[in-house]
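Q: Please take a close look at one part of this predicted model, the packing of two helices, and then set it beside the sheet and the neighbouring chain.

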Amino acid sequence: MSDAPVLLAARGLAKVYRSGGVSCEAVRGIDLEVAAGEFVAIMGPSGSGKSTLLHVLGGLEPATRGEIWLRGRRVDGLSTAAWAVLRRKHIGFVFQFFNLLSTMTVADNVELPALLAGASPRQARKRREELLADLGIAAKADAAPSRLSGGEQQRVALARALANEPSLLLADEPTGNLDSTNARDVLRLLARAHASGQTILLVTHDAKIAGLADRVVCLFDGMIADDAPVVPGPRKVSAIQDFLELRG
Amino acid sequence: MRQPLLALLAKEPAHGYELKLALEQTFGQAYPSPNIGQIYVTLKRLEQDGLVRGQDVAQDSRPNKKVYELTPAGRAELASWVEAPTEGPRVRDEFFMKLVLAPLAGVADRMELINSQRRHYFGIMRSLVEMQAGMDHGDTAARLLVEGAVLHLQADLDWLERCQEELV
């Protein structure tokens, strides 16, 4: 992964919230690089700035200080409208609470980003059919999102995020609102997207992500406390008893 | 492996090799494939302690085999093992000692200790998740054991985070 070009970079990134004369620095000087094809997880306690960092990197909130570079281009100074265009083409977003459009069908939710990006209805439809089939929810295409389980809604959200084949997939606690089975399925789908080359930057509390991500960045108090590749534990994993001893 | 053998014999009398197979079948990957010699030694000790009784059974053209059955004392021993509460997992006290003591002794920085321990846990998590992915769905005991290991590890990581919040 060290040979792959840098897709996303942050330098000295900071975010300060001001409210009624009180200011709170949620992100305090982050330097971060994500290589193309890399799967990076951001972890850390509640309030450590994880989600803020992700939102700033995706242009959902402006940075207070610092630089953001995407695909070799500096983007932190872009206007809201320019960010929207950039996201449409290059950044897919998945949120904890799915954020699907409730008045549209599942199919329309997934087709919309492609249509907005200028795809023909035929292309958008084809891509949507592929994605829904791939994520195992083709049968729900005509349903309203509210008729779907949480796990299914998150799959739709993932399909929507991948609709325009974004350079970067940003995911904010994508399993935070799911039971363990659905969480595992969503993680598996993310791992599959990664295996086929998708660059992913994901914020999570779920340590199982360490089983899938290339690298984990630990935030603490708005700063990076640690940033290291995940190196598999004991080389031989055939023996489960290495981890847990059965007594008796 | 005294108790597992007692438990298997509570179901039906068996000889050493049958017990080995039964252990393998019950636990799948979750238990190291038991050494037959160790099973024989354990059976002999259980017999000396009066918990099982062995009986030679003649076989055609092969040496006699010894079939063991549970004695009333063995059944009582098994029951008290099953009924006794089991100790919960212990906190990683060795790491905790390091974490508390190391900075006092000027040997290491707490943040570095926590980070290196966390990397270690992440590495184990990777191995466990890979193991889970390659697991046969039918091997219920092994699947649940790995899931248990994952949950323990998650708790260890949460605890590490708490230590970080309080101590760093």
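A: In this predicted model, helix H3 (residues 106-116) of chain A and helix H4 (residues 121-134) of chain A pack with their axes 9 Å apart and at an angle of about 130°. An angle of this value lies outside the ranges for roughly parallel, roughly antiparallel and roughly perpendicular pairs, and H3(A) and H4(A) are therefore oblique to each other. The crossing in which H3(A) passes H4(A) is right-handed. On the side of H3(A), the contact is made by A:Ala107, A:Val110, A:Glu111, A:Ala114 and A:Leu115, while H4(A) contributes A:Pro121, A:Gln123, A:Ala124, A:Arg125, A:Arg127, A:Arg128, A:Leu131 and A:Leu132. Sorted by class, the contact of H3(A) with H4(A) comprises eight nonpolar, four charged and one polar residues.

The sheet of chain A can be described next. It is an open sheet of six strands with mixed pairing, in the order E6-E7-E8-E3-E9-E10. Strand E6 (91-94) and E10 of chain A are its edge strands, each pairing on one side only, and neighbouring strands of the sheet are turned against each other by 15° on average, direction ignored. Within this order, strand E7 (residues 168-172) of chain A and strand E8 (residues 199-203) of chain A pair in the parallel sense through five bridges, with A:Thr199 in E8(A) as the bridge partner of A:Leu168. Helix H6 (residues 110-133) of chain B packs on the sheet, where it touches E9 and E10 of chain A, and the direction of this helix makes about 40° with that of E10(A).

The two strands touched by that helix also form a hairpin, with two residues between them. Strand E9 (residues 215-220) of chain A runs antiparallel to strand E10 (residues 223-229) of chain A, and six bridges join them. A:Phe220 has A:Met223 in E10(A) as its bridge partner, and in the hairpin A:Asp221 takes a positive phi near 55°.

As for the chain that supplies the helix on the sheet, the secondary structure of chain B comes to seven helices and three strands, and its elements run α-β-α-α-β-β-α-α-α-α from the N terminus on. Chain B has a radius of gyration of 23 Å, well over the 15 Å that the globule rule gives for 168 residues, so this chain is more spread out than a compact globule. Taken along the principal axes, the C-alpha atoms of chain B fill a box of roughly 70 × 35 × 25 Å.

Methods. Residues numbered from 1 in each chain as written. Chains lettered and ligands numbered in written order. Predicted model: local features only at pLDDT ≥ 70, side-chain atom pairs only at ≥ 80, totals over all residues. Pairing = 2+ DSSP bridges. Helix = DSSP H or I, 4+ residues; strand = E, 2+ residues; numbered from the N terminus. Axes fitted to C-alpha atoms, helices over the stretch in contact; angles between N-to-C directions. Parallel < 35°, antiparallel > 145°, perpendicular 65-115°, else oblique. Left-handed = near helix turned anticlockwise from the far one by under 90°. Contact = placed C-beta atoms within 7 Å. Nonpolar A, V, L, I, M, F, W, Y, C, P; charged D, E, K, R; others polar. Rg over C-alpha atoms; globule rule 2.2 N^0.38 Å.
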